[in-house]
Amino acid sequence: MTDTAASVRHVPADLPTRIQHYIDGRFVDSLDGGTFDVLDPVSNEVYARAAAGKKADIDHAVAAARRAFEEGPWPRMLPRERSRVLHRIADIVESRDARLAELESFDSGLPITQALGQARRAAENFRFFADLVVAQADDTFKVPGRQINYVNRKPIGVAGLITPWNTPFMLESWKLGPALATGNTVVLKPAEFTPLSASLWAGIFEEAGLPRGVFNLVNGLGEDAGDALVRHPDVPLISFTGESRTGQIIFGNAAPHLKGLSMELGGKSPAVVFADADLDAAIDATVFGVFSLNGERCTAGSRILVQREVYDEFVERYAAQAKRVKVGYPHDPATEVGALVHPEHFEKVMSYVEIGKGEGRLVAGGGRPEGFKSGNFVAPTVFADVAPDARIFQEEIFGPVVAITPFDTDEEALALANDTKYGLAAYVWTNDLKRAHNFAQAVEAGMVWLNSNNVRDLRTPFGGVKASGLGHEGGYRSIDFYTHQQAVHITLGKVHNPTFGK
């Protein structure tokens, strides 16, 4: 293995050197000409400069989106007509999955095979909501002979979408699909670390026939473009995925406008392994659960709680398997863990690795993998015997780092599982059916997987509790979030009014 990342750095063909905003059907620079550097995570070299949006650019984009909502055809189309456009979007994404994956892998450091899976999931997100919006049935309530009440759904207006840098293209599709399916117009603010794949949406939407102004994109820093979008009075709802602290700021800044908010925030999810579990399956799933997507996933099972009867065996086998996880360059199909997204994030994760060396017993990893002296590469790192008050137990690291902690009883396992400020996901491994369901109901998590890794049906709600989020999206919950639900009441027969003032 060569020590020089640049010598094995894969640069996609036709890579852009500048990334612009897309507003009202045109690619444009920032009004003040501002830009920021975009790095690739293997070499940390600048490969492009992206337009740095500010309040004026957000104002421009929101005005275009509002005009398209108030005057354009999109909100007034029949659901079937919008559905056809979304299916064409899905077809185009599927047909270009290899190119999308190549660019996503280059920009984010995600292993190419995993990036390909995310590109295909993005197409499926559009296809799912294209079908759902046609099948959507609204409630009707009848009092025979006296009254009919029905629900009329209407798109809300301009949706502000703020997306993260982990699996960005797929997570953008997760918001764009339902927002567009329900007839809204959108302004997307992608993460500044990974603007490359987001820039492809414009061409895809144009080719699919999305009307001008319905989709708008403004790049920029969260404190500039993101904050301006949150504060804009003509943006009635914000969907945000990202850190819990940023979510708190958004909550405060959106409050004066009483905006609709959906926020999927951080996680420190427990994976609980009982002594009666299938250890082979549990080890495979928990290795995958924290090291896939480079560990940069909100639902990572980054705290593994193991019953003491099998604790030593689990730790030994888990550490051995973690050491065999293939760290490599993102473009290599054999790679299982690639490069972390950005040097700032790399330094954060490495600082937690050093903290962990004083808080637990290091049994795998603990630094750069052998042969990678540059780039944002971190060896899959495993700490055992971690106390519940340790920082690596309590704080979200968002990298390939896991803490393993023993427990004795079901009650202790539940207390440990709930002993963080987060509550996004939980994973339970046991062959006791009663225990599994009782634990699932008692654990403080928005989503629970029993004897399963993170496999999710798109119809189910996605979201967390405590510091992990506000609201749910997914399936009909997304339809609910992106629409007004207006109740219409009709009186049948004679009206029976109380009479005042006679």
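A polar contact is a pair of N or O atoms within 3.5 Å; within protein, one atom must be able to donate a hydrogen and the other to accept it. Keep that in mind as you look at this predicted model, where 11 residue pairs, both partners at pLDDT 80 or more, are in polar contact across the interface of domain 1 and domain 2.

So who are the two partners? The domain assignment splits the protein chain into domain 1 (18-265 + 468-486) and domain 2 (270-450). Taken over C-alpha atoms, their centres sit 31 Å apart.

Now for the interface itself. On one side 23 residues of domain 1 take part, and they touch 31 residues of domain 2. About 2100 Å² gets buried between the two domains, with 60% of that on carbon and sulfur atoms. How many salt bridges are there between domain 1 and domain 2? The count is zero.

On the side of domain 1 that touches domain 2, α4 (97-108) and α5 (112-135) each chip in at least two residues. The largest share, four residues, belongs to α5. By type, this side of domain 1 has nine nonpolar, 12 polar and two charged residues.

Let's finish with backbone angles. Most residues other than glycine have a negative phi. Here are two with a positive value:

| Residue | Phi |
|---|---|
| Asp385 | near 60 degrees |
| Lys466 | near 55 degrees |

Asp385 lies in the loop between β16 (381-384) and α13 (391-394), and it is partly exposed, with a relative accessible area of 37%. Lys466 belongs to strand β21 (residues 465-466); this lysine is partly exposed, with a relative accessible area of 37%.

Notes: Residues numbered from 1 in each chain as written. Predicted model: local features only at pLDDT ≥ 70, side-chain atom pairs only at ≥ 80, totals over all residues. Heavy atoms only, no water. Domains from an automatic or database assignment. Contact = heavy atoms within 4.5 Å. Buried area = accessible area lost by both parts, 1.4 Å probe. Salt bridge = Lys/Arg side-chain N within 4 Å of Asp/Glu carboxyl O. Polar contact = N/O pair within 3.5 Å; in protein donor to acceptor, adjacent residues only side chain to side chain. Nonpolar A, V, L, I, M, F, W, Y, C, P; charged D, E, K, R; others polar. Buried < 20%, exposed > 50% of the residue type's maximum accessible area, 1.4 Å probe, protein only.
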